[in-house]
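Q: I would like a close look at one part of this model, set in the context of the chain around it. Please work outward from a single residue and keep to what the coordinates support.

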Amino acid sequence: MRIDATFVRSAVSAQDFPRDGAAEIALVGRSNVGKSTLINALVRRRVARTSAAPGKTRLANIYRVVRDGAAPLYLVDLPGYGYARGRDATRDLDEVTRAYFGRVGWIAAVLLVDARHPGLESDSAAWHWLRESVDDAHIAATKIDKLSRGERIRAMRELESVFQHPVAPVSAFTGEGLDELWKVIDRLANNNSSSPPRRRRSRQRPETARRRLKN
Ligand code: GDP
């Protein structure tokens, strides 16, 4: 399959997000979870800049992806959370993340968690927040190549028990799980074009989020 991926822009506020109606899938996760590396592996080229310093990117990086036979979509790489140790991830979310999820329209996200660290409080908090804020969300466990067979079975069991949701194991290094993750992304993207947004219980408008962040 031919994949064409281009970096569109780094968004700082709601005005910078795509407006052409193409499906968007947001990728959310702790800093250093392997988000940029995974994006590069998914599109099979180096469009996303990876970094060794956690918490460096405070912008939402937007990539437009075109694949043979599939409608164009955007992958939206939101700033990593969890860089301030011990803090609640939802308080840690950047303004740009809140603005992104505060928009009207159908919104889908994939939460990335590190397969080696199941059950981190900040990941659980982010998952609860996402479930209340977006129309559809899935979870992928990154860096699965780092675990032995036994560790992997234990970690996947623990992850699914913590999140009460299926978790897709992936490795950007070996390529494991990438086809399955594309299927998840396609499912989310197709729902995007066919379902009306459901009512959200606590989706915040950007103005509210901004006010909250100041307090
Ligand atoms: P981000 O902050 O979430 O964008 O994380 P990066 O993509 O910059 O990755 C953080 C670190 O994890 C880097 O040192 C990567 O080489 C490493 N990493 C990312 N994905 C994988 C993976 O699938 N397997 C392994 N073993 N390491 C990974």
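Which residues does Leu-111 touch, not counting residues up to four places away in sequence?

A: The model is a predicted one, and the description that follows should be read with that in mind. Leaving out residues up to four places away in sequence, Leu-111 touches Val-28, Gly-29, Tyr-81, Asp-123, Ala-126, Trp-127, Leu-130, His-138, Ile-139, Ala-140 and Phe-163. Leu-111 belongs to the largest nonpolar core, a set of 36 residues in which Phe-101 and Leu-111 touch the most other members. Two or more residues of this core are supplied by each of several elements, namely strands E2 (23-29), E3 (60-67), E4 (73-77), E5 (108-114) and E6 (136-142), together with helices H3 (95-101), H4 (121-133) and H5. Apart from this core lies another, made up of 31 residues, among them Ile-39, Ala-41, Leu-42 and Val-47. As a general background to such groupings, nonpolar side chains in soluble globular proteins tend to be buried together.

Some of the residues that Leu-111 touches, including Trp-127, His-138 and Ile-139, reappear in the surroundings of His-165. That histidine lies in the loop between helix H5 (149-163) and strand E7 (167-169). His-165 has a relative accessibility of 15%, and it therefore counts as buried, the cut-off for that class being under 20%. Beyond four places in sequence, the contacts of His-165 are with Trp-127, Arg-131, Ala-137, His-138, Ile-139 and Glu-160.

Another loop to consider is the one between H3 and E5, where Arg-103 has its place. Arg-103 has a relative accessible area of 17% and so is buried, and its side chain makes a polar contact with the side chain of Glu-24 at 2.7 Å. Between the C-alpha atoms of Arg-103 and Ala-14 the distance is 7.6 Å, although the two residues are 89 apart in sequence. A further pairing across the sequence involves Val-12, which lies in the loop between strand E1 (3-11) and E2: Val-12 and Ala-99 are 87 residues apart in sequence, with their C-alpha atoms 9.1 Å from each other. Val-12 has 57% relative accessibility and therefore counts as exposed, and beyond its neighbours within four places in sequence it is in contact with Leu-59 and Val-96.

Two of the residues touched by Leu-111, Val-28 and Gly-29, are also among those touched by Lys-35, whose contacts outside the four nearest places in sequence are Leu-27, Val-28, Gly-29, Asp-77, Leu-78, Pro-79, Gly-80 and Leu-112. Lys-35 is found in helix H1, and with a relative accessible area of 8% it is buried. Helix H1, which spans residues 35-43, is mostly covered, with 8 of its 9 residues buried; these are Lys-35, Ser-36, Leu-38, Ile-39, Asn-40, Ala-41, Leu-42 and Val-43. The helix is followed by Arg-44, which has a positive phi near 60 degrees.

Lys-35 also leads to the ligand, since Lys-35, Ser-36, Thr-37, Asp-145 and Ala-172 come nearest among the 14 residues around the ligand. By class, this shell holds 3 nonpolar, 7 polar and 4 charged residues. Backbone and side-chain atoms both approach oxygen atoms of the ligand: a polar backbone atom of Val-33 is 3.2 Å from one, a backbone N or O atom of Gly-34 lies 2.9 Å from one, and an N or O atom in the side chain of Lys-143 is 3.0 Å from one. The ligand taken alone exposes 580 Å², of which the protein buries 81%.

Seen as a whole, the chain has 7 helices and 7 strands, which follow one another along the sequence in the pattern β-β-α-β-β-α-α-β-α-β-α-β-α-α. Of its 215 residues, 51% count as buried, and the chain exposes about 11,100 Å², with carbon and sulfur atoms supplying 46% of that area. Among contacts between residues at least 6 apart in sequence, 74% join residues at least 24 apart.

Note on methods. Residues are numbered from 1 along each chain as its sequence is written. This is a predicted model: local features need pLDDT of at least 70, side-chain atom pairs count only at pLDDT 80 or more; totals for chains, interfaces and linings use all residues. Side-chain values use heavy atoms; hydrogens and water are left out. Helices (H or I, at least four residues) and strands (E, at least two) are DSSP runs, numbered from the N terminus. Buried means under 20% relative accessible area, exposed over 50%, partly exposed in between (1.4 Å probe, protein chains only). Contact means heavy atoms within 4.5 Å. A residue is near a molecule or strand if one of its heavy atoms lies within 4 Å of it. A polar contact is a pair of N or O atoms within 3.5 Å; within protein, one must be able to donate a hydrogen and the other to accept it, and residues adjacent in sequence count only if both atoms are side-chain atoms. Accessible areas come from the Shrake-Rupley method with a 1.4 Å probe; for residues, only the protein chains shown count as cover. Ala, Val, Leu, Ile, Met, Phe, Trp, Tyr, Cys and Pro count as nonpolar, Asp, Glu, Lys and Arg as charged, and the others, Gly among them, as polar. A nonpolar core is a set of buried Ala, Val, Leu, Ile, Met, Phe, Trp, Tyr and Cys residues joined through side-chain atoms within 4.5 Å.
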